[in-house]
Amino acid sequence: MHASRRNKLEQPNHLTLPAYDEIALVLQGGGALGSYQAGVYAGMAEVGIEPTRISGISIGALNTAIIAGNAPADRVEALRGFWSTISQKADLLSHFGSHIPAWPGLEDMRRTWSSAWSATRTLFEGQQGFFSPRVEASFAGFARKSPDQVSYYDTSALRATLLKYADFDRINNGNIRVSVGAVNVRTGNLVYFDNLLMRLAPEHFMASGALPPGFPAVEIDGEFYWDGGLVSNTPLTEIVRECQHRDTLVFQVDLWSSRGTLPGNLMDVSERTKDIQYSSRTRAITAFMSQNQKHARMIKALLEHVPEEVRRTHPLLLEAQQTANGGAVNVVHLIYKNKSFEGHYKDYEFSNSTMLEHWSSGLEDIRRSFGHPEWFDIPSHEIGFVTRDVHRNRPEAHQADAPVEHALAQPDVLRKEALSRGK
C-alpha cells in the first residue's frame with residue numbers, strides 16, 4: 001500500500017497527509033549528532049508516517065540502514081538498540097562534573113566537563129560496536145598499505161552491529177527505496193548506492209561513513225570509497241533530481257546549523273567552521289531548487305504565446321513543456337541546534353546521556369512541526385517549491401521570487417516589460 005494511503009488511517013494519534021507521490025526522508029552526516037535523526041524518525045512513527053524513500057550520508061546512511069532494515073513496528077526499537085550499542089557509558093571521571101557547584105555562570109560547566117571527557121575517551125578508546133584504535137596507526141605514514149588499512153581506527157566492528165540491527169534482505173526487497181552516498185577515492189566522484197540498481201550490503205553503508213583519516217576506505221567491487229560528506233553532506237540533490245514530475249514531501253534532517261554565535265576562541269572557531277562547512281550544501285540546494293522552479297514558471301508563461309501546433313511538434317518545445325509541468329516539492333527542514341555545553345568535538349562525543357538529549361531534541365522538533373498541519377499541504381504547482389523550518393516558525397520566503405510570480409500570473413506584464421526595455 002502506498003505510504004500516502006497508509007497515512008489516511010483514522011487513528012487518534014495519526015496525521016492525515018495529502019496524497020503525495022513520494023515521501024522522502026533525507027539524513028545528513030554528523031557523527032554522534034545522528035541520534036537527533038533517530039528522534040525525528042521516532043516522531044514520524046508516532047503519527048504513522050512511513051517514508052517511501054530514504055537517502056543518507058555518513059551517520060545518516062547508518063540510520064538509513066536501521067530504518068529500512070526493519071518492519072515499521074520495530075524501527076524505533078532497533079534505532080534505540082543501535083544507538084545504545086555505539087554510545088558510551090559514563091565512567092568515574094565523567095561523574096566528576098556533577099560535583100561542580102551550580103552557581104550562577106557555572107550552569108553548563110558540569111556538562112561541558114562530562115562532554116569534553118567523553119569525547120577524549122572516544123579519541124583514545126574508540127566506540128564499542130563501531131570503531132577501535134589501530135595500534136599501528138602511529139606508523140601509518142611510513143609504510144605503503146592498502147587504502148582499507150590506512151586510518152587511525154578500525155571499523156570492522158560496525159559491520160557486525162549493522163547486521164545485528166538491520167535485515168539486509170528487507171532493505172533490498174522491502175517497499176522503501178534506499179540510496180546512500182560515498183566518494184570514489186580514485187576518481188573523486190560522488191556516487192549513490194541504490195537498492196533499485198544493486199543489492200546493498202553492510203559495506204555500502206560503511207563506505208558512506210568512512211571519513212578519512214579516522215576511518216579507512218571501504219572496498220566495493222574493486223574500488224575504494226570514502227565518506228560521501230567529503231563532496232556533499234546532504235543527499236537532497238539525489239531526491240529532488242528524480243522528483244521533477246512527482247509531488248514530493250521531503251523531511252530534510254540536518255545535523256549542522258548554518259546560524260550560530262560568533263566564536264570567542266580557537267575551539268569556537270573550529271566548531272563554527274564545521275557548522276558552516278557541512279550545512280552550506282543544504283542552503284545551496286534549496287536556493288537552486290527555488291531558482292529552478294522560477295525558471296519553470298517563466299517557461300510555462302512564455303509557452304502560452306507559442307501556437308499549440310508548434311508546441312506539440314517541436315522537440316525542444318516538448319522538452320520545455322515537460323520542464324514547465326514539474327511536480328511540487330515540500331521540504332520540511334529539521335535542523336539540530338547546538339547546546340551551550342557542546343564544543344568542536346560534538347560530532348564524536350558519544351556519551352549515552354548526550355545521545356539521549358539529541359534524540360529528545362529531534363523528537364521535540366518533529367512534534368512541533370506536526371503542530372502546523374497546514375505545512376504539509378501540497379504546494380501549488382505555480383509556486384512549486386517551499387521549505388519549512390520549525391525554528392523559524394514560518395514557510396521559508398524566497399523574496400526575490402515574489403515579483404516574478406506576480407509577473408508570470410499576468411503574461412501581458414512580461415510583454416510590456418520587454419517592450420519597455422527595447423525602447
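This is a guided tour of one protein model, stop by stop, with a selection to make at each stop.

**Before you start**

The model is predicted, so local features are given where pLDDT is at least 70 and side-chain atom pairs where pLDDT is 80 or more, while totals for chains, interfaces and linings use all residues. Residues are numbered from 1 along each chain as its sequence is written, and side-chain values use heavy atoms, with hydrogens and water left out.

**The whole protein**

Show the protein as a cartoon, and you will have 15 helices and 12 strands in view; helices (H or I, at least four residues) and strands (E, at least two) are DSSP runs, numbered from the N terminus. Of the 423 residues, 49% count as buried, where buried means under 20% relative accessible area, exposed means over 50%, and partly exposed lies in between, with a 1.4 Å probe and protein chains only as cover. A contact means heavy atoms within 4.5 Å, and of the contacts with a separation of 6 or more, 73% are accounted for by residues 24 or more positions apart. If you switch on the surface, its accessible area comes to about 20,100 Å², of which 57% belongs to carbon and sulfur atoms; such areas come from the Shrake-Rupley method with a 1.4 Å probe, and for residues only the protein chains shown count as cover.

**The largest pocket**

Select Leu211, Phe215, Asp227, Tyr278 and Asp347, which lie nearest the centre of the largest pocket among the 39 residues that line it. The volume of this pocket is about 820 Å³. On a 1 Å grid over the protein atoms alone, a pocket is an open set of points with protein on both sides within 12 Å along at least five of seven lines, a cavity is a set of points where a 1.4 Å probe fits but cannot get out, and lining residues have an atom within 4 Å of a point. Grid points are joined across faces, edges and corners, and a volume is the space filled by probe spheres set on the points.

Which element gives the most to the lining of the largest pocket? Colour helix H10, for H10 gives the most, with 5 residues. Tyr278, found in H10 (residues 266–303), touches Gln28, Gly229, Asn233 and Trp256, not counting residues up to four places away in sequence. Add Val231 as well: Tyr278 and Val231 are 47 residues apart in sequence and 9.9 Å apart in space, C-alpha to C-alpha.

**Helix H3**

Select residues 59 to 68, that is, helix H3, in which 10 of the 10 residues are buried. Among them are Ile59, Leu62, Asn63 and Ala68.

**The cavity**

Now select Ala68 together with Asn70, Arg75, Arg170, Gly174, Asn175 and Ile176, which line the largest cavity. Its volume is about 40 Å³, and the count comes to 1 cavity of 30 Å³ or more.

**Salt bridges**

Side chains of opposite charge can pair when their charged atoms come close. A salt bridge here is a side-chain nitrogen of Lys or Arg within 4 Å of a carboxyl oxygen of Asp or Glu, and by this rule there are 12.

Begin with Glu46 and Arg367, whose side chains meet at 2.5 Å, N to O. Glu46 lies in helix H2 (residues 35–46) and Arg367 in helix H13 (residues 352–370), so the pair ties together parts that are 321 residues apart in sequence. Glu46 is partly exposed at 32% relative accessibility, and Arg367 is partly exposed at 44%.

Go next to Arg159 and Glu203, which meet in a salt bridge at 2.5 Å, N to O. Because Arg159 lies in helix H6 (residues 156–165) and Glu203 in helix H8, this pair joins parts 44 residues apart in sequence.

Are Glu271 and Lys346, the next pair to select, buried or exposed? Both Glu271 and Lys346 are buried, and their side chains meet in a salt bridge at 3.3 Å, N to O. Add Arg272 and Asp275 to the selection, and you have one network, joined by salt bridges that share partners.

**A nonpolar patch**

Finish with Leu196, Leu197 and Met198, which make a nonpolar surface patch of about 330 Å². Patches are made of residues with over 30% relative accessible area and no salt bridge, with like charges joined within 9 Å and nonpolar side chains (Val, Leu, Ile, Met, Phe, Trp, Tyr) within 5 Å. Leu196 lies in the loop between strand E6 (190–194) and helix H8 (202–208), and Leu196 is exposed, with a relative accessible area of 60%.
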